[in-house]
Every structure is written in structure tokens, then in C-alpha cells.
Amino acid sequence: KFMNTEYSKWLGEISKLVGTYKPIRETGSPAEIQELRDSLSEALFYFGPVQAQLRANAERAEAEYKSCLKEKTLYWKEKFSSKRGTADMVEAQAVLECKELQDDLISANEDFYLAKSLLERSDQILNSISSRLKLVTKHE
């Protein structure tokens, strides 16, 4: 798992801010709501490069896995060339030999999609805050 300090720091900060939204949306003043919106936007700004790194890691892991599969498939095609049922044996052996890279790919994708989901949910909350601010200021 990709759990460096920047990732953990901003993940924690965003989660904390999201957690404060429920009480503030009910009883918070426009200034408190705006402060939360600003803080969440800032945290998302700093989380952006982390999410980009996670995407790059996932793409790199995918490229390494595909390269391994290609290399091992070619190797085992030559090795099994005279045997019946070659295609299944070649594929099975190639996948087996690239298992570690497949695991790395799965882990990198989990990290990336978790970060992507966090950004999407945070955007939804920012939209909700914006709507709430419009309602609050409209009735003042």
C-alpha cells in the first residue's frame, strides 16, 4: 500500500473536515460554513499531487505487469511449442511467474481508486456547502 506521510496527512485532514460538516451545516454561521469550505478546498489542493502520484504508480504497475506477461508468454511459447494444449499452459505459466507484479498492480489500483473516491466525495460536499451558503445568505 502507498501510505507515505503526505498521503496520510491529507487523507486525515480531509476526513476530519468532512466529519465537521454535519454539525456545521445545521447550526453553523455563514462564516463557519465558508471557513470549512476554504479549509476543505485547501486540503484538496494539497492532496492533488498525491493523487497524481498514485495514478502514476498504478499506470507504472500496469505497464510492468503487462511487460512481464509479454516476456514470459514469449518464453513459454518457445518452451512448449511442440506440446498439445500449449496456449493454456503458456498463459498459466506466464501469469504464475508475474504474480508478484499482479499483486503490486492490484495494490496500486486500490490506492488510486481510494484517493479518487475521496476527491469525488469531497467535491460533492463542497457543492453541498456552496448550496447551503447560497440558502443561508439568501435568507439573511
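The exercises below concern a predicted model of one protein chain.

**Exercise 1.** Determine the secondary structure of the protein chain and its order along the sequence.

*Solution.* Start with the count: the chain has four helices and zero strands. Then read from one end to the other, which gives the pattern α-α-α-α.

**Exercise 2.** Decide whether the protein chain is spread out or a compact globule.

*Solution.* First take the globule rule, which gives 14 Å for 140 residues. Next take the radius of gyration of the chain, 23 Å. This value is well over that of the rule, so the chain is more spread out than a compact globule. The box filled by the C-alpha atoms, along the principal axes, is roughly 85 × 25 × 20 Å. As for burial, 31% of the 140 residues count as buried.

**Exercise 3.** Describe the largest nonpolar core and state which helices supply it.

*Solution.* The core holds 31 residues. Within it, Ile14, Leu40, Phe47 and Ile129 have the most contacts. At least two core residues come from each of helix H1 (5–27), helix H2 (30–79) and helix H4 (99–138). H2 gives the largest share, 13 residues.

**Exercise 4.** List the contacts of Ile129 beyond four places in sequence, then find what share of the chain's contacts with a separation of 6 or more joins residues 24 or more positions apart.

*Solution.* With neighbours within four places set aside, Ile129 touches Tyr21, Ile33, Leu36 and Arg37, taking contact as heavy atoms within 4.5 Å. For the chain, the share asked for is 80%.

**Exercise 5.** Give the exposed area and the separation of the mean charge positions.

*Solution.* The chain exposes about 9,300 Å², of which carbon and sulfur atoms supply 53%. The 21 positive and 23 negative charges have mean positions 5 Å apart.

How values were computed:
Residues numbered from 1 in each chain as written. Predicted model: local features only at pLDDT ≥ 70, side-chain atom pairs only at ≥ 80, totals over all residues. Heavy atoms only, no water. Core = buried A, V, L, I, M, F, W, Y, C linked by side-chain atoms within 4.5 Å. Buried < 20%, exposed > 50% of the residue type's maximum accessible area, 1.4 Å probe, protein only. Rg over C-alpha atoms; globule rule 2.2 N^0.38 Å. Areas by Shrake-Rupley, 256 points an atom, 1.4 Å probe, with all protein chains shown as cover. Lys, Arg positive; Asp, Glu negative; His and termini not counted. Charge placed at Lys NZ, Arg CZ, Asp CG, Glu CD.
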